Amino acid sequence: MFTFRLPKLLLIVILMYTLMIPTTTNVVQSADNYQWNQIPVEGGGYITGVVVHPTEPNLVYARTDVGGVYRLDSDNNRWIPLIDHIGSDESNLYGIDGIALDQQNPNIVYVSAGKYANNSPSDVLKSTDRGETWVRTGLSLRNASNGNIHRAMGESIAVNPLNSNYVHVGTRYDGLYVSENGGETWSHVREVAYGIKGQGIRSVVYGVNPLAKHEQVVYAGVRGVGIFSKMKRSNGEMTWELIRNSPDSVARMTVSKSGILYATTDNKGVFKYNGRQWTNITPSSDYSSYYGISIDPSNDNHILTAVRTGGSNLPLYRSTDGGKTWVSVNKTLNNRPSWWTPNMFFSATASIVFDPHQPGRVYASDWSGVFKTDDITAQNTQWDAITDGHEELVALAGTTPPQGTAFFSGVADQTGFRHSDIYSKPIRKLQLEGMKEVVSMDYHEADPDQMIFLGSNDWYGTITQLFISSDNGQTATAVNVPDGSKLGRIAYSATNPNLIIYLPQTGKAVRSTNKGASWQSMTGLPSNENDADTIFTYNERLAGDRINGNKFYMYSAGHLYRTTNGGANWYKANSSQLPSSGKIKVEAAPGLGNVVWVSLGDAGLYASSSSGTTFTKLPNVQSSELFAFGKGKPGTLNPSVFIYGTVNNVKGFYRSDNMGLTWQNISPATGIGLGNEPQVLEADRQTYGKVYVGTNGRGLFTGSIAQ
């Protein structure tokens, strides 16, 4: 009997073709038991305020501009993130604009939450169990915790130390508010000015009246106006009034036990007020911007204040006579992660605070983290960085070579890392001299030891350079990009180690056939779509084919442009226009010729098996904010696919082992911080099922199939 058998090669081709164009999807919820973990880096993000509870020992909190709020586990010297339960629909709440503790009840803590004033939601959150759980109080006025230098001012919330029902909150746009029932309801304090729009009221403190020490007073520092006080006046009434001659640029305030008010400013130095007159007590005329200020709870005359602007290792000044004279504190940083650079110490110093329970102990916070000394009176104070658990980096880029180190990250402000062990903090940053931001990276498929990194010295691409590595990112050599080119995306040829395509955010797209030694113009591409003028753009319009080293793709305005001659000439591949809006990512499938997918945010995910000539929208994928190809399931010919988006109307992280025919929900069962705006998603090319996620302020995560 004759049996017809298809040649093995033809069977493979048919199988591959069917896998490339999905026709239906069926979501399997949590088919695999996924294990999610933080990829530790430790430190590197802005701690905009530290507060220590005045009556409860070892109760310390830290707030951040983009990464939530933390409580210190003093037994293990580790920070515990407190709002990781917040999901992506409320990700704006990961920015903390102010924090306050209840002196009467150490279990109660308030935060003003909201990263950006033009995003929502914003609110004042309250916890009655030290941050384990939170409720929104409904004061949903605009906060802006990531708002320029004003982010490190404060604290903008204060709880009455004698009556916990009274809470005052300063806002950035809407004036001062008060609650008389512990945050259940709020009312506007109309007697206090609004201040400069977007800055508003950044500091609120309670104290005692310096002239009548048995009476209470509350102060509100209004930017652009001055300091208002509420106290009992000569007529016996409690009213708000603007203090005459008060500084109008208050950054932070504190009140001594005797009622002396101290105020730092961002442009005029440091002042004190005794109830009758103001005295300028600025430690050094070399600096005008001071933020942190703290009074020793055991000695009203022992004061610390910290300089905010002017570089790194900024001065910390100490006075033992109430600010009449000052000395600069000698500081040495001992314990810190090995990847930290010398400038990561007292840089953009935000807060300084005495520990009322441990004489001599002081906490400080700055651009990189929190520092502690146990003897502030020492001739040379010794400091340790408290970094364990503090994961606050903003991810910009990532890549996953098929050999060598499995994951590389590019991050804001701290360059990026070669994660040779994703479960341990890195030993050092990527060695890209002079670069603080890495916005794009890629590898040479034929030899992944050869890699390229695109970096900048600042958020705006003022100095943008390309770096070439031949040892899997351990070292790299800088080459210049064309004059005027800033930031952007790069792609490396799969087969030609000399061929690189560069699509800048500012400047014309170019190619190099000699590893960046020189650049050539290309024809057929449209003008740049200016996604943004900073590093904070996440559209990945450019990708190289992983098989054909002369083939590259670039997406613009609904069309996928393609080159097959190494970038010399480009043309529109698809005649039927795709959606032109949404977060964009283009990626070619490794190991599958002509297969390229385009992710378009709320417009969904599109697959092509014809190098972009035609596309099929993946059904039941309502949105695809991020996606990536990874190592395929053993026994299959195709890569796995990961997406962050909405499938069958459920938002989360998904994996498909059959090119989108079915999807498995791999989202973590409980919140671990992934709700803070995932911006980067890369799938492991070496380990099946492993994926990497970078967020907008809670650092880096990895998910893998539990063993």
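Author: Quick definition before we start: a cavity here is a set of grid points where a 1.4 Å probe fits but cannot get out. Also, this is a predicted model.

Reader: Okay, so how many cavities of 30 Å³ or more are there?

Author: The count comes to two. The second largest cavity has a volume of about 150 Å³, while the largest cavity has about 370 Å³.

Reader: Let's take the second largest cavity. Which residues lie nearest its centre?

Author: Leu503, Pro504, Glu529, Asp531 and Arg541, out of 15 residues that line the second largest cavity. By class, that lining has four nonpolar, seven polar and four charged residues.

Reader: And the largest cavity, which residues are closest to its centre?

Author: For the largest cavity, 28 residues form the lining, and the closest to the centre are Met441, Asp442, Glu540, Arg546 and Glu682.

Reader: Which strands should I click on for that one?

Author: The elements that give two or more residues to the lining of the largest cavity are β32 (395-399), β35 (437-443), β39 (489-492), β43 (542-544), β47 (584-588) and β55 (680-683). β35 gives the most, with five residues.

Reader: How does the lining of the largest cavity divide into nonpolar, polar and charged?

Author: You get 14 nonpolar, five polar and nine charged residues there.

Reader: Switching to pockets. What volume does the largest pocket have?

Author: The largest pocket has a volume of about 1300 Å³. It is lined by 41 residues, and Pro54, Gln103, Tyr206, Thr254 and Val255 are the closest to its centre.

Reader: Which elements give two or more residues to that lining?

Author: For the largest pocket, these are β3 (47-52), β7 (96-101), β11 (157-159), β15 (201-208), β19 (250-255), β23 (290-296) and β28 (351-354). The largest share of the lining, five residues, comes from β15.

Reader: How many residues in the lining of the largest pocket are charged?

Author: Seven are charged, alongside 25 nonpolar and nine polar residues in the lining of the largest pocket.

Reader: Now the second largest pocket: how much space lies in there?

Author: About 570 Å³. The second largest pocket has 26 lining residues, with Asn343, Ser347, Trp367, Asp413 and Lys436 nearest its centre.

Reader: What classes of residue make up the lining of the second largest pocket?

Author: That lining has seven nonpolar, 12 polar and seven charged residues.

Definitions and conventions
Residues are numbered from 1 along each chain as its sequence is written. This is a predicted model: local features need pLDDT of at least 70, side-chain atom pairs count only at pLDDT 80 or more; totals for chains, interfaces and linings use all residues. Side-chain values use heavy atoms; hydrogens and water are left out. On a 1 Å grid over the protein atoms alone, a cavity is a set of points where a 1.4 Å probe fits but cannot get out, and a pocket is an open set with protein on both sides within 12 Å along at least five of seven lines; lining residues have an atom within 4 Å of a point. Grid points are joined across faces, edges and corners, and a volume is the space filled by probe spheres set on the points. Helices (H or I, at least four residues) and strands (E, at least two) are DSSP runs, numbered from the N terminus. Ala, Val, Leu, Ile, Met, Phe, Trp, Tyr, Cys and Pro count as nonpolar, Asp, Glu, Lys and Arg as charged, and the others, Gly among them, as polar.
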